[in-house]
2 protein chains.
Amino acid sequence: MPYELYYWPSIQGRGEFVRLALEEAEAPYVDVARKGAGGMSAMLRLMQSNRQAHPPFAPPFLRSGKLLIAQTANILLYLGPRHGLVPAGEAARLFAHQLQLTVTDLVQEVHDTHHPISTELYYEEQRRAAKQRSEVFLKHRVPKFLGYFERVLAHNTGKGFLIGGRLTYPDLSIFQILAGLRYAFPRAMKRIERSYPRVVALHDRIAIRPHIAAYLASPRRIPFNEEGIFRHYPALDSKR
Amino acid sequence: MPYELYYWPSIQGRGEFVRLALEEAEAPYVDVARKGAGGMSAMLRLMQSNRQAHPPFAPPFLRSGKLLIAQTANILLYLGPRHGLVPAGEAARLFAHQLQLTVTDLVQEVHDTHHPISTELYYEEQRRAAKQRSEVFLKHRVPKFLGYFERVLAHNTGKGFLIGGRLTYPDLSIFQILAGLRYAFPRAMKRIERSYPRVVALHDRIAIRPHIAAYLASPRRIPFNEEGIFRHYPALDSKR
């Protein structure tokens with residue numbers, strides 16, 4: 001039986017980190033909410049149901065047989081060992097998850113560049129704070145996060161992946177992070193990414209993997225847009 | 001050999017979720033950075049070292065034998081099964097972690113009530129945005145999160161815990177969440193918490209567990225203060 005992935009149908013968002021893992025693994029899955037109006041209502045029903053023993057707080061969530069699993073990093077924790085996307089040892093698995101949780105933190109900070117006050121308000125209603133937050137984000141936080149991943153890659157000498165000699169699920173997430181940051185902040189990233197050549201090389205290496213390349217070229221990959229986590233608001237990018 | 005917990009020595013912060021688990025389990029641990037100036041420099045050295053195969057992005061991190069584990073929820077994922085703080089089944093373990101990651105999300109939102117623009121700036125430099133963010137946080141986000149945990153507790157009928165019939169590590173984190181929200185927003189919480197009697201009852205049940213009660217009464221429990229995640233700034237609380 002294929003996995004059922006539940007996520008908002010019109011954005012990459014947090015669901016994309018799960019989609020990339022499923023696509024790389026060629027795991028059969030249904031992107032439920034993208035299957036017409038029925039899929040979306042099925043997702044909302046599941047979220048509001050009082051009969052779920054393990055209700056999700058928010059999408060994405062994954063159904064695998066009897067299991068219903070929510071929280072992006074938790075879904076990847078589950079999928080990793082099942083699809084060879086993480087090594088067998090305890091230390092490596094904990095480290096993979098640690099890196100994924102660091103990606104989670106970064107994703108939240110990306111989101112808050114355009115919504116620093118509240119998701120209840122439109123971007124247009126918090127533009128001033130968004131500009132301030134984006135400036136500090138580009139100046140301090142992006143270098144801190146990318147510098148950290150660069151350091152992890154540098155330590156894993158000559159392998160080109162974050163952990164050991166093979167791809168793991170956080171590698172796929174780093175691809176998405178770099179692609180997203182480039183989309184949202186093209187001017188700033190042109191300058192910033194020069195300092196993180198290993199992160200850039202990892203992104204490029206992931207992009208040409210056959211399953212990922214096929215996915216990116218397919219209609220299954222939703223284009224970046226201004227409803228997702230990574231939004232291109234020129235006012236929030238650096239001036240040059 | 002005792003665990004070594006590395007965390008900022010003067011705040012509860014994210015480290016507190018780990019401390020509560022270690023204390024409940026009576027697991028021997030050293031709170032390294034609280035052992036004088038030497039402890040703090042040991043922590044900073046570890047963070048800056050290029051020789052760590054698995055470097056942490058930020059505290060807290062835990063040393064257990066040869067393992068160095070970072071990210072609060074990841075540390076609890078590791079400690080849970082070792083100390084009977086999570087059931088044996090896969091579904092229950094994934095759900096415990098899912099709840100913990102939801103706590104992680106909430107903790108970040110609490111932090112951002114006083115630092116909506118940047119951790120690089122003082123609260124005083126982002127007071128206006130902090131007031132706005134706190135208002136929406138108290139109106140929308142606290143009810144959404146507490147309502148979710150209340151629903152999980154209600155579904156686990158009559159047990160008084162989040163999962164099954166025994167305490168798990170996210171139960172301890174819910175205790176900390178309620179204690180922290182009460183400290184930070186006493187006026188708002190007096191009103192809000194009435195709607196979440198099961199969450200309040202869980203907090204009260206945890207507070208009187210012998211190991212937790214002993215910990216809370218000990219000097220090991222750092223008092224809440226205005227350097228941590230939960231800060232009491234009366235201007236951010238509701239007016240009554």
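Let's start where the two chains meet: in this predicted model, chain A and chain B each put 35 residues into the contact. On chain A, the elements that supply two or more residues to the side touching chain B are β4 (67–70), α3 (72–82), α4 (90–114) and α5 (127–155). Sort that side of chain A by class and you get 19 nonpolar, twelve polar and four charged residues.

Stay with α5(A) for a moment, since α5(A) also packs against helix α8 (residues 197–207) of chain A. Two packed helices are described by the angle between their axes and the distance between the axes. Here the angle is about 80 degrees and the axes are 8 Å apart. Angles of 65 to 115 degrees count as roughly perpendicular, so that is what α5(A) and α8(A) are to each other. From α5(A) come A:L146, A:F149, A:E150, A:L153 and A:A154, and they meet A:R198, A:V199 and A:L202 of α8(A). By class, that makes six nonpolar, no polar and two charged residues in this contact.

Now hop over to chain B and its sheet. Four strands form an open sheet in the order β2-β1-β3-β4, with mixed pairing. β2 (29–31) and β4 (67–70) of chain B sit at the edges with a single partner strand each, so one side of each has no neighbour in the sheet. From one strand to the next, the twist averages 20 degrees.

Look at one pairing in detail: strand β1 (residues 3–6) of chain B runs parallel to β2(B), joined over three bridges, and B:E4 stands opposite B:V30 in β2(B). Helix α1 (residues 15–24) of chain B packs on this sheet and touches β1, β2 and β3 (61–64) of chain B. The direction of α1(B) makes about 155 degrees with that of β1(B).

Methods: Residues numbered from 1 in each chain as written. Chains lettered and ligands numbered in written order. Predicted model: local features only at pLDDT ≥ 70, side-chain atom pairs only at ≥ 80, totals over all residues. Contact = placed C-beta atoms within 7 Å. Nonpolar A, V, L, I, M, F, W, Y, C, P; charged D, E, K, R; others polar. Axes fitted to C-alpha atoms, helices over the stretch in contact; angles between N-to-C directions. Parallel < 35°, antiparallel > 145°, perpendicular 65-115°, else oblique. Pairing = 2+ DSSP bridges.
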